[in-house]
Each structure stands twice: as structure tokens, then as C-alpha cells.
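The exercises below are meant to be worked with the sequence and the model open side by side. Each task is followed by a solution that goes step by step.

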Amino acid sequence: MATYDVIVIGSGPGGYVAAIRCAQLGLKTACVEGRETLGGTCLNVGCIPSKALLHATHMLHEAEHNFATMGLKGKAPSVDWKQMLTYKTDTIGQNTKGIEFLFKKNKIDWLKGWGSIPEPGKVKVGDEIHEAKSIIVASGSEATSLPGVEVDEKIVVTSTGALELSKIPKKMVVIGAGVIGLEMGSVYARLGSEVTVVEFLDAITPGMDAEVQKVFQRTLKKQGLTFIMGAAVQSVEASKTKAKVNYKLRKDDSDNQIDADIVLVATGRKPYTDGLGLDALGVAMTDRGQIKTDDQWRTNVAGIYAIGDAIEGPMLAHKAEDEGMAAAEVIAGHHGHVNYGVIPGVIYTHPEVASVGKTEEELKAAGHAYKAGKFSFMGNGRAKAVFAGDGFVKILADAETDRILGAHIIGPMAGDLIHEICVAMEFGASAEDMALTCHAHPTFSEAVREAALACGDGPIHS
Ligand code: FAD
Ligand code: NAI
């Protein structure tokens, strides 16, 4: 048995960041992880492997579609799927080993195994019971499925199986046009699979700016993805090699069927809290199975905190990280802060999609008077030079004060461009502040400035 100031349960982006910050603040810290490697969903079966496959297949797409135009002639590369998976696995390994190194550097003990909390102040791992003044639950999330759909991770897969398919499918059906469905759907469409996305709602990526949704869907269609919208999946019948997806179209209640070699179920994720013993401790939960916390990440049981996908809010790695840092600060007696109004969301397709703050739909619903400044990447010299003129930057600002309320980008490097707007929002900047800031030429970020100019007297290049 060992005694710690803090034991963190789970080593995903929430847990490992919390552990490192606790150690940096002088607290004796351990982190419990049941997986064989550190890093949680994000590093092992989420953000990192999916981005590796998105990168590799984007390179292929560029070679097939744009190289010849630039005078780069020759045969387009062929796909060695086994090697692509090896590249993905190596990328995971570099990242998970990196966390191991950071744990050693910060003198954090990795308690290997699945942890539970037999009583406040105690964490059981295997047969050992460790003591801790504070416990942070960072146990993450798992994929959900649908009634009538049994996942075997071979033919009917979640994202975890989709990152590890034994071969590239001829036909893939993706259930759910959310972030996972569109990122993984893009990967396989670029690899030559016939990808059909079956979505319950009438628009893709629910909650996103409606104009972005439309342009995004149109772009993905051009890239070969097919969409069946307004379709409620009823069941999936799978054999050893194939599957049939049965769905009902909401508009006419008709029953339909589509065949697939692989079915990817991407209908959302739910908190994972199995085996922790939270029920017996009386830890309050929401009716969606999330651990309830106050604004300092405290549960209703003294000494037990919770962060990341296991609690309310967007299921994003950077949200988990920010909560991890903030909870550590609170435990160390400092002030922990997360601004939930400025958490960017990025979809790493091509083009990328990024957003922060309010959408036009949200502002309208709230009766908030706003102005929208929009600029197309067609007016951005750099974007045109690299075949990335599709898409736009939209900045939403208060009609009276000009304060930036939100931004929505579809276009090249959107996931990086969004951050100058995040910083501006953190500082309470106006669109004019951004418009008056010199932006280097030729960069994609000039499109952000032009959108800010569009909130005032107008952009220059459109
Ligand atoms: P997790 O990363 O889920 O980590 C929790 C860890 O706790 C796990 O390793 C688990 O084994 C461990 N654990 C659970 N219970 C116990 C226990 N009792 N004892 C010991 N260990 C335990 N987000 C982004 O921001 N950007 C992206 O690009 C992105 N891409 C994604 C792609 C995919 C395919 C998926 C599935 C998710 C993606 N996400 C992305 C979401 C992101 O992975 C999560 O938001 C993030 O991992 C949440 O971090 P966390 O620390 O809360 O939990
Ligand atoms: P999601 O919530 O983004 O999308 C689920 C989609 O499935 C929705 O469009 C929903 O309407 C649809 N759906 C639900 N039931 C359905 C049914 N019966 N038939 C047809 N469609 C149905 O969930 P997703 O894509 O599984 O992602 C889970 C989480 O992982 C998200 O919260 C996301 O934040 C995170 N993630 C983040 C990434 C990023 O930041 N780039 C990448 C991948 C995942």
C-alpha cells in the first residue's frame, strides 16, 4: 500500500494531464490505467490513430488529384494497407511512450490495472489498496450502439474496429454523420471504398453552423461519399463476411436495406464508469450516465473529483485536458478555470471544419442581435495556389459592441486558424481588433482577417 496526495483513475488526455499538473504543483501523484499503454482513448484508439490515417489518405488523394496539375507526373502511389496500419501503430507508440516518459520525468507512479474506489480516500488496484487525499476520476467514454445492432468489431465495427480493418472494404456503410462517421468515412472513401452514410437527422454534424453543414456535405459528396438522410436504422444483419443495414426513411416511413462489407456504427459515445464502485459510494450521476460535478470538478462525495468524457460537456480531448489542469489547480489550493464558451471543435477531414462559440442559429434563437462577416477562400491567394479555395471563414460579432461571439470555418488548416479567434474571444476582442491586426501574406489566416473586415466596412479581396 502506498499513500498519495492524488490518485488519478484513467490516463487519457484528462487523466494524464491532471496527473502531470498535480506533480508539477508538488503533489505526490499516481495514475491508474487498465490498458497496456498510457494515453486513453485519444492516443490509443481515437484522435491520434484517426489523424494518422487521415494524413496518409490525404497524401494519396493529393497525389491522385493534384500532383499532375503541378507538373508532378508519374504513377500515383498504390496502397500498402499493412504498412499504412504499421505507420498508424508506430504513431500511437511514439505518443503513448511519450506519456510514459513524462510520468517518469514528473515522478508519477503508474499503477497498472483497473481501479475502483472502495471508500473515499482509497483506490483498489488488483489486490492492493492505496490511499489518497484526493481522487480524480478520468475514466473516459466508450462507443454506443443501437438496439438491433450487434458490434463484433470485425464486420460491424465501432471506430476502434474501423482503425484496424484487416482489408479495405469495397462497400462501407457508416451509421451516423457525426465527427467519427465523417472522418473515418473520408479515410475509406479516399482508399477507394464505396462509402454510404446513413443519418437519422436531415443535416450532418448536428449542432454545427447550418451554412457550414451544407457546404461540408456538398464537398464530401464531391469526394465520393453518399448520404442517406432522415433514415432511422432499425437493425443490422451480419454474416461472417457481409452485412445488411435495415433502415426506415422518416419522410415516408418506408423500409429499406443496404448491403455492406463493413458497417461502422458511429452514433455517439457514452461515459465509461463501469467497475469504479461509484453507485455504492453514492456519487451523483446525470440521467445520461455522466458523473455530476460542480464548477470546480468536485462530485458530491468529498475528496472525489471527475473530469473529461466521464462528465458533462463536449467529448473532446482538449476539454478533458483543460479540466485536468484546472482540477489539479483546485486540489493544490489554487484557482482552476475552464471557459466553456471558448472550446473549439475541429473535424479533420479535407477541408477541415472548425468552430468556436455561438452559431447563427443559437444567436437567432436567443434573440441576440449580431452581424456576420464572411470571406470565401476563393479570395485567398495562398488557398487558390494549393487547390483549397472551397470554403469560407465566418465571424459572428455583437451588432452593437462588435465583440466576437463565434466563428465557423470550413477550409484549409481550419483547425489551426480557429485558434487566433479563440485567443481574441478570451481577450474579449472585437471584430475590428482582429481586422486591424496585420496578417502575413500569403497565409490562409488572411481569410480570418478578411472575415473580420467583413463585419465592418467590408473585405478587400471579394
Ligand atoms: P479517455 O481518453 O477515454 O481515457 C480514459 C482512460 O481511463 C482509458 O484509457 C481507460 O482504459 C481508463 N480507465 C477507465 N476506467 C478505468 C479504471 N477503473 N481503472 C483504470 N483505468 C481506467 N477528441 C478531440 O478533441 N480531437 C480528436 O481529433 C478526436 N478524435 C477522436 C477519434 C475517435 C475515433 C474517438 C473515438 C474519439 C476522438 N476524440 C477526439 C475524443 C477524445 O478521444 C476524447 O474526448 C478523450 O479521449 C477524452 O479523454 P478522457 O481523459 O476523458 O478519457
Ligand atoms: P456524434 O454525436 O458526433 O454523431 C452521431 C451521429 O449519429 C449524429 O449525427 C446522430 O444524429 C446520428 N445517429 C444517432 N442515432 C442514429 C440512428 N439510429 N440512425 C442514424 N443516425 C443516427 O458521435 P460520434 O461521431 O460517434 O463521435 C463521438 C464523440 O467523439 C463526439 O462527441 C466527438 O466529439 C468525439 N470525436 C471528436 C473528434 C474530433 O474532435 N475531431 C473526432 C472523433 C470523435
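**Exercise 1. The shell around ligand 1**

Task: In this predicted model, determine which helix gives the largest share of the shell around ligand 1, and then describe the contacts and the cover of that ligand.

Solution. Step 1: The largest share comes from helix 2, which gives four residues to the shell around ligand 1.

Step 2: The shell as a whole holds 39 residues, of which Glu33, Thr41, Lys51, Gly115 and Ala317 are the closest to ligand 1.

Step 3: Sorted by class, these residues comprise 18 polar, 16 nonpolar and five charged ones.

Step 4: Polar contacts can then be listed atom by atom. The side chain of Thr41 places an N or O atom 2.6 Å from an oxygen atom of ligand 1, and a polar side-chain atom of Lys51 lies 2.7 Å from an oxygen atom of the ligand. The backbone takes part as well, since a polar backbone atom of Gly34 is 3.2 Å from a nitrogen atom of ligand 1.

Step 5: On its own, ligand 1 has 990 Å² of accessible area, and the protein covers 94% of this. The elements that each give two or more residues to its shell are helix 1 (13-24), strand 2 (29-33), helix 2 (40-45), helix 3 (47-65) and helix 9.

**Exercise 2. Helix 9**

Task: Compare the expected span of helix 9 with the distance between its end C-alpha atoms, and decide whether the helix is largely enclosed or largely open.

Solution. Step 1: Helix 9 covers residues 317-331, and at 1.5 Å a residue its 15 residues should span 21 Å. Its end C-alpha atoms are 21 Å apart, which agrees with that expectation.

Step 2: Taking buried to mean under 20% relative accessible area, one finds that 11 of the 15 residues are buried, so helix 9 is largely enclosed by the rest of the structure.

Step 3: The buried residues include the charged side chains of Lys319, Glu323 and Glu329, together with Ala317, Ala320 and Val330 among others.

**Exercise 3. Ligand 2 and helix 6**

Task: Which element gives the most residues to the shell around ligand 2, and how much of that element is buried?

Solution. Step 1: Helix 6 gives the most, with three residues. The shell contains 23 residues, and those that come nearest to ligand 2 are Ile180, Glu183, Glu199, Gly268 and Val346. By class, 16 are nonpolar, four polar and three charged.

Step 2: Three polar contacts to backbone atoms can be described. A nitrogen atom of ligand 2 is 2.7 Å from a polar backbone atom of Val346, while oxygen atoms of the ligand are found 2.9 Å from a polar backbone atom of Ile180 and 3.1 Å from one of Met315.

Step 3: Ligand 2 exposes 840 Å² when taken alone, and the protein buries 78% of that area. Two or more residues of the shell come from each of helix 6 (179-190) and strand 12 (231-238).

Step 4: Helix 6 is mostly covered, with 10 of its 12 residues buried, including Glu183, Tyr188 and Arg190. Its 12 residues should span 16 Å at 1.5 Å a residue, and the end C-alpha atoms are 17 Å apart, which agrees. Just after helix 6, Gly192 takes a positive phi of about 105°.

**Exercise 4. The parallel sheet**

Task: In what order do the five strands of the open sheet lie, and why is one side of strand 8 and of strand 11 left without a neighbour?

Solution. Step 1: The order is 8-15-9-10-11, and the strands pair in parallel. Strand 8 (156-157) and strand 11 (226-228) stand at the edges with a single partner strand each, so one side of each has no neighbour in the sheet.

Step 2: The pairings can now be followed from strand 8. Two bridges join strand 8 to strand 15, where Val156 stands opposite Val263. Four bridges join strand 15 to strand 9, with Val265 as the bridge partner of Ile175. Strand 9 (residues 171-175) is in turn joined to strand 10 (residues 194-198) by five bridges, and Val173 stands opposite Thr196 there.

Step 3: In strand 15 (residues 262-265), Ile262 and Leu264 point one way and Val263 and Val265 the other, and all of them are buried.

How values were computed. Residues numbered from 1 in each chain as written. Chains lettered and ligands numbered in written order. Predicted model: local features only at pLDDT ≥ 70, side-chain atom pairs only at ≥ 80, totals over all residues. Heavy atoms only, no water. Pairing = 2+ DSSP bridges. Near = heavy atom within 4 Å. Polar contact = N/O pair within 3.5 Å; in protein donor to acceptor, adjacent residues only side chain to side chain. Areas by Shrake-Rupley, 256 points an atom, 1.4 Å probe, with all protein chains shown as cover. Expected span 1.5 Å × (residues − 1). Buried < 20%, exposed > 50% of the residue type's maximum accessible area, 1.4 Å probe, protein only.
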